[in-house]
Amino acid sequence: MLTKEHALFTFNRFETRPDCLTRIQHAHYRELASGLLRIYRNGNGFTRRELHRRADAVFADVPDCPPQRIRSFIKLLDDTSEFETDRKGQAAELRQKVFAWAASRHPLVRQPDRLFECGEKQAKDDIARRIGKSWHEIESSMYGDFPEFHRLRIFHGYPDADALLSRYNVAQAQALLFWAEQMIITARSDFKMLFRYAKLSGLLHEITMIGSGAYRIRLTGPVSVLKQTRRYGIHFAKFLPALLACRNWQMQAGLDFNGRRSFFRIGSASGLRSYYKPGEEFDSALEKKFANQFGVERNGWKLEREAEILVKGQKVFVPDFVFRHVDGTTVCFEIVGFWTPEYLAAKWKTLALFVNHPILVSVSKHLALGKEHAVPPAALIHGDVLQVKPVLERLEHFRH
Amino acid sequence: MIAEKERPLDHELTYDRGSLIVHATREHCPSPHFIWDARTGNWRAPAWRYPEVVRAMAETHGYRFKDCVLMETHFQWPSTQLHVLREDQRQALERWRAGDCRGLVVMPTGTGKTEVALTAMAECQTTTLIVSPIRDLMYQWQRRIQKALALDPGILGDGQREIRPVTVTTYDSAFIYMDQIGNRFGLVVFDEAHHLAGQNLRQAAELCAAPRRLGLTATLERPDGRHTVLLELVGPVVYRQEVSEARGRTLADYEIIRIPVRLTSREQQHYDAAAAIVRHFIAERRKENPRYTWQDACSDTARDPWARRALRAFRFKTLIEDRAEEKLRVLEDLFRLHAHDLMLVFAGSNAMALDISRRFLLPVLLHASRKEERHQLLEGFAAGKFRVLVANQVLDEGIDIPEVKAAVVVGGLASTRQAKQRLGRILRKTGDARAVLYEIACEETREKERSKQRRQNDAYSGTRRMRETTLRYRARN
C-alpha cells in the first residue's frame, strides 16, 4: 500500500479524483511499466538505491509524470520484492570491528605529524590487511544493512505491465482515502462480502433501505460521532479492494484536507479492478442447484439471492435467499450446510434478534447424526439435494 | 440516605475504543459532553474529558452511575531510587500536583525534566504510560525506569507489543493503539509534548482516558500556533524556565562558534552549473509570467521534465553544500582540538553522515540503525569507548549523555527548534565544564542563510565566528 506522501490527486471542492492512468491517454505508460518490471526482474543483487535510480531514469524524459507517480511505482515494486537485509548482522559486526579498531587511533588525520601519528590511508590499509580483504570491499559491505544498500533477492512482481498499472490505479484510490472521514455506499448485491470486510476493517455501519434490494450503508469509526476524524482513513483504504470485488455499488467518501472538504466518488463500473477474488455467485453447489431448479418464479414466489439485509444495531444478517410473493409476502431463506451444535445455537440466537422477520432455515441432515436434538423443530432438513417442494410447502405457511 | 444508597445505580460509564459510553436511552443524556450515537444506540463522549465528565455527571446532574472506565490503576512501586530534586524541579512538581495532576512543565533540555516525571510517577502510585517521540528515547525511558524505579516497563513500539502497568511507547504507536489501551493507565506522561500538536498525533491524547497528565517540553511554542491544543489536552503550563535563566546555573554555560568554509573550486563549478540551470529555468518562466515562483516550479514538475531537471539541480546544490569537502577538513581540526573529549557530530543528510563515518571510521547512527546497535553505540559512547558519534536527525531530541560537552553541526535545517534541541544535547550540567557547539556552514550559499536564521533564536545569540585558519592554527599548535 502507498502512504500519504505518494498520493496524487486533483482537488476540487465538489469532487476530488485520484490519479488514474487510462489506456488511451496514458498508452505510453504500458511501455514504461514494462521497463520498470524489466529493471526489477533483472535486478537481483542490485541495491535498492541502484534500482531506484534506474527506475527514476525510465521517466526522465516523460513529459507528463509527477514525482509522486514515479515514487508510487517504485513503492509498489519494492512492496513485492524481497531484499537481503543482512539479518545475521554481518555488516554491523564488520562496522563494530572497524570502528573499535579506529577508536584507539582517533582522529585519523590526513597528514600524520608528531601529535597525531595515525593517518587515514595507513589506518585503512592496516585494517584491510587484518581482515584480509581490500579496503574497497570492506567499505562497500560495511553499511550493507542500511535500507538504501539492501540488495534485491527475489522480485515477486506483477504478471505484466497492465497488472502493474491496474494496481497503481487502485493504490492511488486507496491513498486518497487516507483523507476520508466517512464512506457512503449504495449497494445492490454481494452484501455478505461487504459486511464481512467492513467488520474486519473495524468500521461501524448505519444501514438504510432506499428501495427494493437497494441499501445505503454509511461506514464510520467509533469516535467519528464525536469529531469528524481521518483516523479511520487507513481502514477505508484497506476496505477498498474488498469493495472493488463486489458488484452493483456506488461509493462516496467525504474527504477533509485540513478544513477544505471534498468528495471522492467511485462505482463498480469505474474500471478499477480489485486484486481480491470476486465474490462467488453462490456459496455452494447446493445453493446453485437449488436456485437453478427453482427458476425465476414458482407458484407466485420469486427467488432472489442475498437481496435483503436484516439489521439490529451493529448486528447484520444477510440471508442466502429471499422469496417474494406477488401478494407482498417476503420470506428470508437461510441454508446451513456445515454445522456444529454451537454454530447452530449461535445462528439461532442471531435469528432471534429478527423475530419480526419471517425466516426459513434449512439444515443439512448429514451433520445431524446423533445431534438431531440440536436442530430446532422449526427448521427444514435437507440431504444432498435441497428439494423445491418441501420449501414451497413451508413458504405457504408464511402467507397471510 | 440509606434508601438512596440501596437503589441500584442507573447506568454504567465505560470506555469504548477511544471514547466513553453510557448505555442509556435517548431521553437520558448523562451530561452535556455526550452525543447520542444512533449507530450503537448509546451516549458517547471524548475519552480525554473523562474527569470533567465524571464531575459533571455526579455533581451537576445528580446522575447515578457506576464508573467502569479505567481498569485497575493502583500500582505499588517495588522500590524507588530517585535523585533528590533541585529546588526548581521540586517547584515544577508541586505546581503540577496542585493543578490536579494535569499540565505542562516547560524547561530547557538538560535541566532534568525526566527526574521530575519519575518522581511524579513514584508519588502518584498509579499505572503509567510514557509517550516519547522516537524509539531511542523510548528505550532511554526504559533504562531510566529500570534504574530509578526498579521495574521492567512494557514496550509498545519498535515491533513489540507488551503492555504492563508501566509502559513506554512512541507517539506513532500511541496514535495507532491508543483506542485499544486508553483506559489502562492512571497517568500518562508526554515527553517532548510539542509533538502532540500534530493533527494525527494529538489523538494519542484525545483517545486516552488517563485522568492525570504530565507534558514535558523545552520548546512548547510552535510558529503555527497549534500548541494551544496542548493546553486543553494535557493541561495548562504549570511551570516554565527559560534557557537564559538556566544558563550556567541548572545548565552548563556554553558558547557557539561558527566556522565558515568555502566550496572547493570543483564543487563551486558544479554548484554554479546547478545554480545556472535553476536560474535559467526561472528566468525563462518569468518571461511568460513575471510572478513565477519556486513554488510554481515545484508544482510544474508534474507536467514538465524541465521543471523536474531544475528541481533536481536545486537538490544537487543543497547536497553540494551539505557534503562540502572542506567540512571534512575542518572536522579533522576540530577532532584534533578535542582529541580527548566526547563529541557529537550532527549531519544534514544520511549521505554526509556516512561520508564522515567513512572518512574518520567513526560510528554512525541513522534512522535505520537497529536496536542492538544503537544500544551498543550509545553505551560505548557514554563509556568513552568511542569519542565521537555521528548522526543525522536521530539524536536531535532527548538523548542524554551528560559527559558530552562538545558538538559539531555540519548541516541541517533553518529551524530554530532543531537548533535548540541540538544545542540541548550538550548542556547537561556536570561540574563547571563549559559546553561548546561548533557550526560549520558554507559561505556564499543558501546554507549561510539557514545558519543566520538559526541565530535569531535567543539561545543562539552571542554566536562567535572563528576563521578556519585560526582553528587550524589552534588545532595544530
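**Reading a predicted two-chain model, starting from a sheet**

Guide: In chain B, seven strands form an open sheet with parallel pairing, in the order β16-β17-β15-β18-β19-β14-β20. This is a predicted model, and the sheet serves here as the way into it.

Visitor: What does pairing rest on in general, and which strands of chain B stand at the edges of this sheet?

Guide: In general, the strands of a sheet pair through backbone hydrogen bonds, and the pairing is either parallel or antiparallel. Here β16 (364–365) and β20 (464–465) of chain B are the edge strands, and each has a single partner strand, so one side of each is left without a neighbour in the sheet.

Visitor: How many bridges join β16(B) to β17 of chain B, and which residue is the bridge partner of B:Val364?

Guide: Strand β17, residues 388–391 of chain B, runs parallel to β16(B) and is joined to it by 2 bridges. The partner of B:Val364 in β17(B) is B:Val390.

Visitor: Moving inward, how many bridges link β15(B) and β18(B), and which way do the residues of β18 of chain B point?

Guide: The parallel pairing of β15(B) with β18(B) extends over 4 bridges, and within it B:Leu344 stands opposite B:Ala407 of β18(B). Strand β18 covers residues 406–409 of chain B; B:Ala406 and B:Val408 point one way from the strand, B:Ala407 and B:Val409 point the other way, and all are buried. On pairing with β19 of chain B, residues 435–442, β18(B) again has a parallel partner over 4 bridges, and there B:Val409 stands opposite B:Glu439 of β19(B).

Visitor: Which helix lies across strands of this sheet, and at what angle does it run to β17(B)?

Guide: A helix packed on a sheet can be read from the strands it crosses and from the angle between the axes. In this case α14(B) lies across β15 (343–346), β16 and β17 of chain B, and runs at about 155° to β17(B).

Visitor: Turning to the contact between the chains, how many residues does it take from chain B and from chain A?

Guide: Chain B contributes 37 residues to the contact and chain A contributes 32. On the side of chain B that touches chain A, the elements giving two or more residues are β3 (35–37), β4 (42–46), α13 (325–337) and α14 (350–360) of chain B. The most comes from α14(B), with 4 residues, and α14(B) is also the helix that lies across β15, β16 and β17 of chain B. Sorted by class, this side of chain B holds 17 nonpolar, 6 polar and 14 charged residues.

Visitor: Into which domains is chain B divided, and how far apart are the centres of domain 2 of chain B and domain 3 of chain B?

Guide: The assignment for chain B gives domain 1 (2–67), domain 2 (87–241), domain 3 (254–262 + 324–476) and domain 4 (265–322). Taken over C-alpha atoms, the centres of domain 2 of chain B and domain 3 of chain B are separated by 28 Å. Between these two domains, 14 residues of domain 2 of chain B are in contact with 14 residues of domain 3 of chain B, and the domain 2 side has 6 nonpolar, 4 polar and 4 charged residues.

Visitor: For the chain as a whole, what share of the residues in chain B is buried?

Guide: Of the 477 residues in chain B, 47% are buried, and the chain has 18 helices and 20 strands. Its C-alpha trace spans about 90 × 60 × 40 Å along the principal axes.

Visitor: How many helices and strands does chain A have, and what does its radius of gyration come to?

Guide: Chain A has 12 helices and 17 strands. Its radius of gyration is 30 Å, well over the 21 Å that the globule rule gives for 400 residues, so chain A is more spread out than a compact globule. The C-alpha trace of chain A spans about 110 × 55 × 45 Å along its principal axes, and 34% of its 400 residues count as buried. Its domains are domain 1 (90–144), domain 2 (171–267) and domain 3 (285–397), with the C-alpha centres of domain 1 of chain A and domain 2 of chain A lying 57 Å apart.

Visitor: Is A:Leu176 buried or exposed, and which residues does A:Leu176 touch?

Guide: A:Leu176, placed in helix α7 (residues 161–176) of chain A, counts as buried because it has 27 C-beta neighbours inside 10 Å. Leaving aside residues up to four places away in sequence, A:Leu176 touches A:Ala7, A:Phe9, A:Thr16, A:Pro18 and A:Phe264.

Note on methods. Residues numbered from 1 in each chain as written. Chains lettered and ligands numbered in written order. Predicted model: local features only at pLDDT ≥ 70, side-chain atom pairs only at ≥ 80, totals over all residues. Rg over C-alpha atoms; globule rule 2.2 N^0.38 Å. Buried ≥ 20, exposed ≤ 12 C-beta atoms within 10 Å, placed from the backbone. Domains from an automatic or database assignment. Contact = placed C-beta atoms within 7 Å. Nonpolar A, V, L, I, M, F, W, Y, C, P; charged D, E, K, R; others polar. Pairing = 2+ DSSP bridges. Axes fitted to C-alpha atoms, helices over the stretch in contact; angles between N-to-C directions.
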